[in-house]
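Biologist: Could you take me through one part of this model in detail? I would like a single connected account, not a list.

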Amino acid sequence: MTALISFLVLLTALTLGFFYNNALQEQLLSAQANLFRATTAQVTGNINEYRSQAIATINVVAHSGVSQTYSTEERQRYVPQMVSALKANSSLQAVYLAYPNGDFFLVRQLDAAARRTFPDVSANARWMVQYATQRPNGTTEQQQSFIDEELIAIRPPEINHKRYDPRERPWYQQARHHLGPIGTHPYRFSTTGQTGITYAFESPDEAAITGVDIRLPTLGEVLKRNLPSPNAHMAIINQQHQVLVTADDSEEHNSSPIPLDQSPSPHLSSLAKIWPHNQPTPRSFELDGQRWLVSLSPLNQKQADSPLLLMVMPENDLFADGQQITRQAIWIPVIILLIMLPVSWLLSRIVSKPLRRLVKASERIQSMDFSDAPLSSTGVRELNELMAASESMKETIRDFIGLSRQIVSESDLAPLLHKVVASAMRALPARRAALWLLTDNTLHPCHGLDEKGQPLTTGTLDINTPLLTGLLSSDQDYACITPQDPALPAALQALASHETRQLILLPLRLESQEMLGLLVLGSHSSHAELEASHRINYLQALASFAAIAIDNRRLASALQQLMNALVELIAGAIDAKSPYTGGHCQRVPDLAMALAEAAHHTKQGPLAAFQLGSHDREALYIASWLHDCGKVTTPEHVVDKATKLETQYDRIHEIRMRFEVLKRDADITYWQGIAAGHDAWQLEQVCQQQKAELDEEFAFVAHCNLGGEFMRAEDLAKLRRIGQRRWLRTLDDRLGLGPMERERLAPIPQAPLPVSETLLADKAEHRYPRSAADIMPPDNRWGFKVDMPELLYNKGELTNLSIRRGTLTEEERYKINAHMIETIKMLTALPFPGHLAQVPEIAGGHHERMDGKGYPLGLKGHEMSTMARIIAIADVFEALTAADRPYKPAKPMSEALHIMRKMSEEGHLDPQLFRLFLESGIWRSYTVRYLGPEQADVQDFYPYLPRPPRVAAL
């Protein structure tokens, strides 16, 4: 039926072609000439339109007055005008001016190509503004900023000193002293890497050269819009037969001109093979059995080295005009087809029914539905064979997908190896099987199974064994050997039973041919039977897939180990930064993981719904190790501040020296009185009394410096009274200071020497103002809610000594608390995968409170995840019991649990988690592992269970 229909259709086509061939050939030639001529004119017109728009833009900018500016500040006022010029002509990428002194001023639109050059720029940025200033020392200072649609700066300008001199650029040199605008040949732009054309114009007063950039992908859009047919190809090439741009180029294209014979388009590369350089353009060429017509025209008839417009088009597309002639002869094949239709319909009814069933079955296979019953046979032998092959294909795909799902779903290596071996045994089928993995030129046994599914023990294999050398070192996909082979290694003999006829060796190779291991199966079938059943091919596919799965699992395991090691390394570095907090970042994860596991196994109460999956464990592990990573930004002298006057050193030594000066003054007064003839006994009594008072007052000041007790109001009054003592300074306190300290103190006036100063002072130089970088705006993108002190630091002596409790000022306490801000900012900036996306929230929430009074986000209990509340309890417990803090002694377990009970009752900690912490005995095992015997003073935890909240009486 197919041969008959084909013969009749061919006869009809030959008959029609005989009568109308001549007319169609003439029409084809005419259509070719007219179409190519019209297309060339349209493309040239569009490109000239771009050129005219570009020249109009540079004329407007050149006469706008910006060429008469001499500083960055003056040129900034012209940014709106240059942005307007770019908006008016979307085909332009950038507009800029180059000055005779080497200065450069540019405004660039941030399109897709530019954003690939600046990947870290905000999505709100719309324009980039760049200034370049030549310095006398030969360097270039470049200032680069990004502005949004409203011309508001996104972030502070970036300044670098990369050398850039526009006077060395080709467009500058061509436009210099040239009458009228110039256009360059296509070249690669220095900033974005895109290839394009620059149009430049020197202002009449020669004050500057204005230029604009047009990307070649823009010209590619022109070509694409003017394609004469969907199958046609257009390109702009230079005189050296290099492709500048094609109609297929997109925004992603940023390559330099390439030779025509290296074009990605097979049509252009095929044309290059028959068109040597400096030879006439061929009129046509053959490709894939089809004739392609060629047209080549200069874009600028007046320019000798003008780029050329190259078009290639299939001859069949030009035959559209001849279809009208063909339709006139449609009645001839219609009569023939009317005769053929009844016969064809009768035959198709017989053949199409089983074919339709086969199509539907194939569609179900395509959608991974293998549930339909086998197809019934027909009276056509070829259809029966096709349906049998389809059924076999369905079974094979179903089995392979099932095996693949089992293998891919396994996250651990050992169960994965078991599934690979078991799947291969079922697929063959095999009596016995074993798998070896390659390490250091030795195949180590990893898993083996016998016919009963029991583990099978084998030995190691040397890859230098003659039997394995040829298989593993070549491209051979498998090998079949008999158990009776004398060269069979002893480790493989364990796979041979009395029914085994063949041992099938399948190397586990990656696509790179890297060897991972060896899979060996013992089969009761002969080699010929295995080949006929096509099971070998199936096993080879399974071995390849298993090799990829094993390699991915080993790689994932190695990456996980690397990540955990890096996390622990960072945490160890944080602990090592301060000798007083060593081990904190290591002990908190132990507590957090133990408490999380206890919550996971809780079957009743509010925590019964909490489940800790493998991803949750990983997230909690990383978050607990990195919960204090922000401390890397906290100064050590603040974290380790043991006394109130301590900064980089303890300033109590300065105070002591002033007291020593006052005591020396008392001695000097005594001897001066003796020299003047006054009563020696009376003078000595006064001197001794003054020195005793000074000793007592210094002891009081030194005691206040310790910060161990709460400062009473009378203590503060006494401290201020002592501070009013005067001493005489005769030396300049600005001498010997570093440049940064001198710059900070420069605005503060100096008193003339000698100067009388108070014993304890709060001087202006003790106040460190907060810079713009240290200010957290209320509308920050993280949602931090913090009360920020006015000063960065206040190192006033009276201010620090007057701290009522502890050793930290308000500014220093904020600085320490800010480590949570830095932790969240640092972790949020990391590209965690989806299953670890909650790490920043878990790590950054351990200083939040259940009542919403915590920091830095002020979250309430229901707004925090359970794992964040777990780390909060672990962090507080470790801090209370730690013996390595400079500002407090280690608390015994009784006091620590009492404080935590109070914190859970007052809305600080989660009372349910704290109850679980006590009932699970985590505190007891932690005491054994980390605390000294003097701290282990708790036997019964019941007194420390949090009491339920009181309910007001009705």
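Modeller: Start with the sheet. Strand E16 (residues 432–439) and strand E17 (residues 442–449) run antiparallel, joined by seven bridges. One of the pairs is Leu 438 with Leu 443 in E17. Keep in mind that this is a predicted model. The two strands belong to an open sheet of six, ordered E18-E17-E16-E21-E20-E19, with antiparallel pairing. Strand E18 (461–462) and strand E19 (479–481) form the edges; each has a single partner strand, so one side of each has no neighbour in the sheet.

Now the part for the close look: His 846 and what surrounds it. His 846 sits in the loop between helix H25 (839–843) and helix H26 (866–881). Is His 846 buried or exposed? His 846 counts as buried because its relative accessibility is 2%, and the cut-off for buried is under 20%. Its side chain reaches the backbone oxygen of Ala 843 at 2.9 Å. A second polar contact, at 3.4 Å, links the side chains of His 846 and His 847. Leaving out residues up to four places away in sequence, His 846 touches His 627, Asp 628, His 819, Met 820, Ala 868, Ile 871, Ala 872 and Asp 875.

Ala 872 leads on to a cavity. The model has two cavities of 30 Å³ or more. The second largest holds about 40 Å³. Ala 872 is in its lining, along with Glu 848, Met 850, Met 864, Arg 869, Ile 873, His 908, Leu 909 and Asp 910. How does this lining divide by residue type? Five residues are nonpolar, one is polar and three are charged. The charged ones are Glu 848, Arg 869 and Asp 910. His 908 is the polar one.

Asp 910 leads on to helix H28 (residues 911–919), whose N-terminal end it caps. A side-chain oxygen of Asp 910 lies 3.0 Å from the backbone nitrogen of Gln 912. Within H28, Leu 913, Phe 914, Leu 916, Phe 917 and Leu 918 are buried. Residues three or four places apart in an α-helix point the same way, because there are 3.6 residues a turn. The buried residues of H28 pack against helix H16 (584–600), H26, helix H27 (893–905) and helix H29 (922–930). Just after H28, Gly 921 takes a positive phi of about 80°.

To trace the route again: Ala 872 touches His 846 and lines the second largest cavity. Asp 910 lines that cavity too, and caps H28.

Definitions and conventions: Residues are numbered from 1 along each chain as its sequence is written. This is a predicted model: local features need pLDDT of at least 70, side-chain atom pairs count only at pLDDT 80 or more; totals for chains, interfaces and linings use all residues. Side-chain values use heavy atoms; hydrogens and water are left out. On a 1 Å grid over the protein atoms alone, a cavity is a set of points where a 1.4 Å probe fits but cannot get out, and a pocket is an open set with protein on both sides within 12 Å along at least five of seven lines; lining residues have an atom within 4 Å of a point. Grid points are joined across faces, edges and corners, and a volume is the space filled by probe spheres set on the points. Two strands pair if DSSP finds at least two bridges between them. Helices (H or I, at least four residues) and strands (E, at least two) are DSSP runs, numbered from the N terminus. Buried means under 20% relative accessible area, exposed over 50%, partly exposed in between (1.4 Å probe, protein chains only). A polar contact is a pair of N or O atoms within 3.5 Å; within protein, one must be able to donate a hydrogen and the other to accept it, and residues adjacent in sequence count only if both atoms are side-chain atoms. Contact means heavy atoms within 4.5 Å.
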